[in-house]
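Got the viewer open? Let's take a walk through this one, a stop at a time, and see what turns up at each selection.

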Amino acid sequence: MYTVLIVDDFLPERERLKSAVTKTGLDLQLVAECSDGRTAIDWLVSNAPPSIILADIEMPRVNGIELAEWVRVNRPAVKMVFLTHHDRFHYAQSAVNLKASAFLLKPVVAEELAEVLARMIGEMDSEDRLRRRAAAAVPVLRERALRDMLLGRTAADTGLPADQEVGLDVGGPPYAVLAVETDAPASSVREDLEKRLMSSFRLHDLIEGTMRESDTAGSVIMLTDRLHAVIFGLSHDAGADQLWGLADDLRRAAQGDGISLSIGIGPQASSFDMLGDSFRSASAILRQKFAQGPGKIISSADVGDQPDDGTPMTPARLEEVRGLVFCGSPSQAGRSVRTYLAGLPAKASPAAVRRAVGRYVVGVYLALAEADGSFSDVYGSSRSIWEEFSVIDTRSALTEWTERLVRDATAWVCTLRATASGALTNRARQYIDTCYSNGINVQDVADHLSYSPNYLNSVFRQETGMTILEYITDRRVSRAKELLLQDAGARIYEICEAVGYQHLAHFREVFTRHVGMTPRAYRDAMTAHRTGPPGEASP
């Protein structure tokens with residue numbers, strides 16, 4: 001329910017306004033009445049702000065214009081409606097400058113007031129929906145920003161500290177990052193997605209519960225159904241003990257729930273923008289579990305610093321690998337792997353080659369994680385990529401094996417995206433076909449499907465050859481043509497509203513552009529075609 005404050009120095013006018021507001025039948029409640037702007041300001045300071053203020057302009061002490069200036073600064077969400085006996089230009093201009101919702105002449109006509117209030121309620125309802133939608137999107141955007149950062153795809157600097165940018169409150173610095181992975185192989189059957197997601201959410205809840213019990217403030221990000229990242233701030237007096245303590249608590253809690261976990265501990269991050277490097281290090285050292293066995297806690301400090309072999313996996317290189325997995329061709333995969341390994345000295349030791357290839361494979365692994373997949377999805381649960389990697393002992397064999405790995409990962413992602421694109425387009429069509437008459441737009445379709453408008457529009461156009469807006473327009477115009485012929489007595493504005501347009505002029509312009517004639521001309525032409533010239537029988 002929306003609330004109304006009436007401000008007018010003339011008592012009979014206040015009574016008429018109260019009566020008119022009550023008789024509108026709208027979802028409105030009168031909360032107070034004031035005799036001038038000064039009294040209204042005093043009331044606003046002491047009470048919750050109303051939704052709407054109906055204010056006379058010419059009042060003693062503080063007039064309506066001065067009241068509106070105060071409201072704009074101190075209660076900006078409140079809507080103002082100006083009332084006056086004088087149809088003066090400077091009053092109307094002030095109303096525009098102060099962003100008043102309406103300017104009504106006294107004596108106020110009840111029907112005009114009802115129309116203005118109904119419009120304002122519609123606007124406030126729309127604003128409220130947008131606020132709820134924005135609030136619901138914040139956690140999604142926060143997790144997406146963290147996910148991008150951990151996978152090496154942080155957006156350009158916005159000028160804000162990164163932890164404020166994503167709204168993360170985890171304490172620190174310094175920060176700690178854990179890569180937590182279930183040891184059981186993921187199912188290779190895509191139809192088993194629901195079971196996989198339930199297991200992942202179960203692990204997510206277990207991690208959050210363990211952190212609460214240990215009084216650790218942090219964030220848990222699900223990267224795949226098997227891999228989670230845990231970010232939290234370290235207290236300066238605890239440091240490594242706190243880090244290892246939480247990792248051990250997580251492992252023990254999972255064991256009690258019948259889950260075997262391997263946990264990689266990345267190096268401490270002294271700033272928020274170093275979290276991505278720390279996670280990628282934690283994720284990479286998880287590969288040690290194939291040598292040490294499952295269910296272990298492995299720290300980057302224990303693995304130790306590796307010698308520089310001239311082939312660092314930089315963010316730019318990670319982005320290149322991601323591009324190959326998502327959009328590459330077999331020939332591009334071969335060239336990328338060979339170029340990467342060409343950075344090694346010709347006489348590099350087998351250990352140096354293996355480290356370089358291992359980092360490249362981790363890049364492929366992270367790219368698959370972004371597509372909500374893993375090597376088990378590409379090859380099935382019976383084949384262990386990391387075990388194969390551990391027994392290949394020549395540079396040429398490692399190169400060929402890595403090229404095949406990238407080609408296979410690319411093929412899997414390509415198939416997955418093609419299937420997903422078709423399904424996504426069908427869902428978009430179904431929503432549009434059902435709701436186009438409700439005045440929906442591209443943003444509404446994207447919000448309903450939880451995708452960005454640009455991405456959804458790109459997929460839709462690739463599948464259908466038209467944009468989402470073109471499809472919505474086509475459905476509306478087609479339906480309008482049907483309605484024009486079904487009911488000869490239907491008014492054009494009724495058909496306009498029935499197909500989802502709010503303004504008759506806009507509907508007429510769109511219809512004319514697509515059909516080549518106005519709605520009325522189309523109806524007349526089709527009616528004449530059906531009946532034939534006077535005196536002739538219709539076919």
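Two strands count as paired here if DSSP finds at least two bridges between them. Helices (H or I, at least four residues) and strands (E, at least two) are DSSP runs, numbered from the N terminus. Before clicking, note that this is a predicted model, where local features need pLDDT of at least 70 and side-chain atom pairs count only at pLDDT 80 or more, while totals for chains, interfaces and linings use all residues. Residues are numbered from 1 along each chain as its sequence is written, and side-chain values use heavy atoms, with hydrogens and water left out.

**The whole chain**

Start zoomed out, in cartoon. The chain has 23 helices and ten strands. Of its 539 residues, 44% are buried; buried means under 20% relative accessible area, exposed over 50%, and partly exposed in between (1.4 Å probe, protein chains only). Switch on the surface: the accessible area comes to about 27500 Å², and carbon and sulfur atoms account for 52% of that. Accessible areas come from the Shrake-Rupley method with a 1.4 Å probe, and for residues, only the protein chains shown count as cover. As for contacts (heavy atoms within 4.5 Å), take those between residues at least 6 apart in sequence: 69% of them join residues at least 24 apart.

**Strand S3 and its partners**

Now select residues 52-56, which make up strand S3. Five of the five residues are buried, so the strand is largely enclosed by the rest of the structure. Look along S3: Ile52, Leu54 and Asp56 point one way, Ile53 and Ala55 point the other way, and all are buried.

Add strand S1 (residues 2-7), which pairs with S3 in the parallel sense over four bridges. Which residue does leucine 5 stand opposite in S3? Leucine 5 faces isoleucine 53 there. Next, bring in S4, which also pairs with S3 in the parallel sense, over five bridges. Isoleucine 53 has methionine 80 as its bridge partner in S4. To get from S3 to S4, the chain goes through helix H3 (residues 64-74), and this β-α-β crossover is right-handed: with the strands pointing away from you, the path from the first strand over the helix to the second runs clockwise.

**The loop between S3 and H3**

Stay here and pick isoleucine 57, which is found in the loop between S3 and H3. Is isoleucine 57 buried or exposed? Isoleucine 57 is buried, with a relative accessible area of 2%. Put a distance on its C-alpha and that of valine 81: the two are 24 residues apart in sequence and 9.7 Å apart in space.

Arginine 61 is in that loop between S3 and H3 too, but arginine 61 is exposed, at 59% relative accessible area. Check its backbone: arginine 61 has a positive phi of about 60 degrees although it is not a glycine.

**Salt bridges around helix H5**

Show charged side chains next. A salt bridge here is a side-chain nitrogen of Lys or Arg within 4 Å of a carboxyl oxygen of Asp or Glu, and the whole structure has 21 of them. Start with glutamate 127 and lysine 79, whose side chains meet at 2.8 Å, N to O. This pair links distant parts of the chain, 48 residues apart: glutamate 127 sits in helix H5 (residues 110-150) and lysine 79 in strand S4 (residues 79-84). Glutamate 127 is partly exposed at 31%, whereas lysine 79 is buried at 15%.

Within H5, select arginine 119 and glutamate 123, a salt bridge with its closest N and O atoms 3.0 Å apart. They are four residues apart in the helix, so about one helical turn separates them. Arginine 119 is partly exposed at 37%, and glutamate 123 is partly exposed at 30%. Then try aspartate 128 and arginine 132, whose salt bridge has its closest N and O atoms 2.2 Å apart. Elsewhere, Arg14, Glu15, Lys18 and Glu33 are joined into one network by salt bridges that share partners.

**The nonpolar cores**

Last stop: nonpolar cores, meaning sets of buried Ala, Val, Leu, Ile, Met, Phe, Trp, Tyr and Cys residues joined through side-chain atoms within 4.5 Å. The largest has 53 residues, and those touching the most other members include Leu275, Phe279 and Tyr360. Helix H14 (residues 350-370) gives the most to this core, with eleven residues. Center on leucine 275: leaving out residues up to four places away in sequence, leucine 275 touches Met149, Leu150, Tyr175, Val177, Ile231 and Ala269. Apart from this core lies another, of 21 residues, among them Leu203, Phe232, Leu246 and Ile297.
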